[in-house]
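Hi everyone, thanks for making the time. I'd like to walk you through one structure today, going from the overall layout to a few individual residues. Let me put it up on the screen.

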Amino acid sequence: SHRGACGSHVRPPAESAPGAWCIFVNVDGGTFMSAIGGSVVNVVWPAMGDAFHANVAAIEWVIIIYLLVVSGTLLMFGRLGDLRGHKKMYVAGFVLFVLGSALCGLSPNQYVLIGFRGFQRLGAAMLFAASPAILTSNFPPPRPAQGVGLQGTFTYLGPPVGPPLGASPAPPLRRPAHRPALPHPAAPGLE
């Protein structure tokens, strides 16, 4: 380590820190998955509406909740990562995202699906908030921009990959007869 600008200690420039590319693959795998999760439902929402006997306004909340939760919590999770540790934030976000994804698949009606989708998106916001900090701390100068730039590339490849995955051949969405749709509106348009 040597003195950098303003007397701060910096690591000497290197091609890459030990394990930086392994960290990159793991971190970007999670952010890529959560980016796909944001767009995969865009092509299956008509089938979800049919399966849950829900109107368009109700099923739109499956998409809207994504935007509300991620945009409403991203800065908070970024600051929490600064205070508690970015790795802890990332791992917790990954667990919430995977658990939320599984719960979305088990949803008996659109109201539960919207709730689990919000839960899933909390995990995605944690992933999005922690990833750049993890990458910049593991790619030594002058390489932090390379790690974050590549992360941005993979994050923005997720949304166009999601719709083809959602439209891929899959069994039709059907709700078992013993799980009727609830006629209780939880928010405007959820009839």
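So, reading along the sequence, the order of elements is β-β-α-α-α-α-α-α. In other words, the protein chain has two strands and six helices. Please keep in mind that this is a predicted model.

A few overall values to set the scene. The protein chain has 191 residues, and 36% of them count as buried. About 10400 Å² is exposed, with carbon and sulfur atoms supplying 71% of that area. If you take contacts between residues at least 6 apart in sequence, 76% of them join residues at least 24 apart.

Let's go inside. Which residues have the most contacts within the largest nonpolar core? They are Phe77 and Tyr90, in a core of 19 residues. Four helices each supply at least two residues to this core: α1 (20-39), α3 (56-84), α4 (86-105) and α5 (110-138). The biggest contributor is α5, which gives nine residues.

Stay with Phe77 for a moment. Leaving aside residues up to four places away in sequence, Phe77 touches Met89, Leu122, Ala125, Met126 and Ala129. There is also a second core, separate from that one, with 12 residues; among them are Met48, Val62, Cys104 and Ile114.

Now to α1, one of the helices feeding the largest core. This helix has 20 residues and runs 29 Å from first C-alpha to last, close to the 28 Å expected at 1.5 Å a residue. Its buried residues include Ala20, Phe24, Val27 and Asp28. Further along α1, Gly30 and Thr31 are buried, and so is the run Ser34, Ala35, Ile36, Gly37, Gly38 and Ser39. As a reminder, an α-helix has 3.6 residues a turn, so residues three or four places apart point the same way. With that in mind, have a look at Phe24, Val27, Asp28 and Thr31, which are buried in α1.

Next, the surface. Met33, Phe94 and Val98 make up a nonpolar patch there, and together they have about 220 Å² of accessible area. Phe94 sits in helix α4. Is Phe94 buried or exposed? Something in between: its relative accessible area is 33%, so Phe94 counts as partly exposed.

Leu99 belongs to helix α4 too. Because its relative accessibility is 42%, Leu99 is classed as partly exposed. Leu99 is 21 residues from Gln120 in sequence, and their C-alpha atoms are 7.2 Å apart in space.

Let me move on to α6, which covers residues 144-167 and holds Gly166. With a relative accessible area of 16%, Gly166 falls under the 20% cut-off and is therefore buried. What does Gly166 touch, if we skip residues up to four places away in sequence? The answer is Val40, Val43 and Val44. The C-alpha of Gly166 is also 6.4 Å from that of Val41, although the two residues are 125 apart along the chain.

One last stop, for those of you who like backbone angles. His53 is found in the loop between α2 (45-52) and α3. Its phi is near 50 degrees, which is a positive value in a residue other than glycine. Why does His53 count as exposed? Because its relative accessibility is 66%, and the cut-off for exposed is over 50%.

That's my tour; I'm happy to go back to any part of it.

Notes
Residues are numbered from 1 along each chain as its sequence is written. This is a predicted model: local features need pLDDT of at least 70, side-chain atom pairs count only at pLDDT 80 or more; totals for chains, interfaces and linings use all residues. Side-chain values use heavy atoms; hydrogens and water are left out. A nonpolar core is a set of buried Ala, Val, Leu, Ile, Met, Phe, Trp, Tyr and Cys residues joined through side-chain atoms within 4.5 Å. Buried means under 20% relative accessible area, exposed over 50%, partly exposed in between (1.4 Å probe, protein chains only). Contact means heavy atoms within 4.5 Å. Patches are made of residues with over 30% relative accessible area and no salt bridge: like charges are joined within 9 Å, nonpolar side chains (Val, Leu, Ile, Met, Phe, Trp, Tyr) within 5 Å. Accessible areas come from the Shrake-Rupley method with a 1.4 Å probe; for residues, only the protein chains shown count as cover. A salt bridge is a side-chain nitrogen of Lys or Arg within 4 Å of a carboxyl oxygen of Asp or Glu. The expected span of a helix is 1.5 Å times one less than its number of residues.
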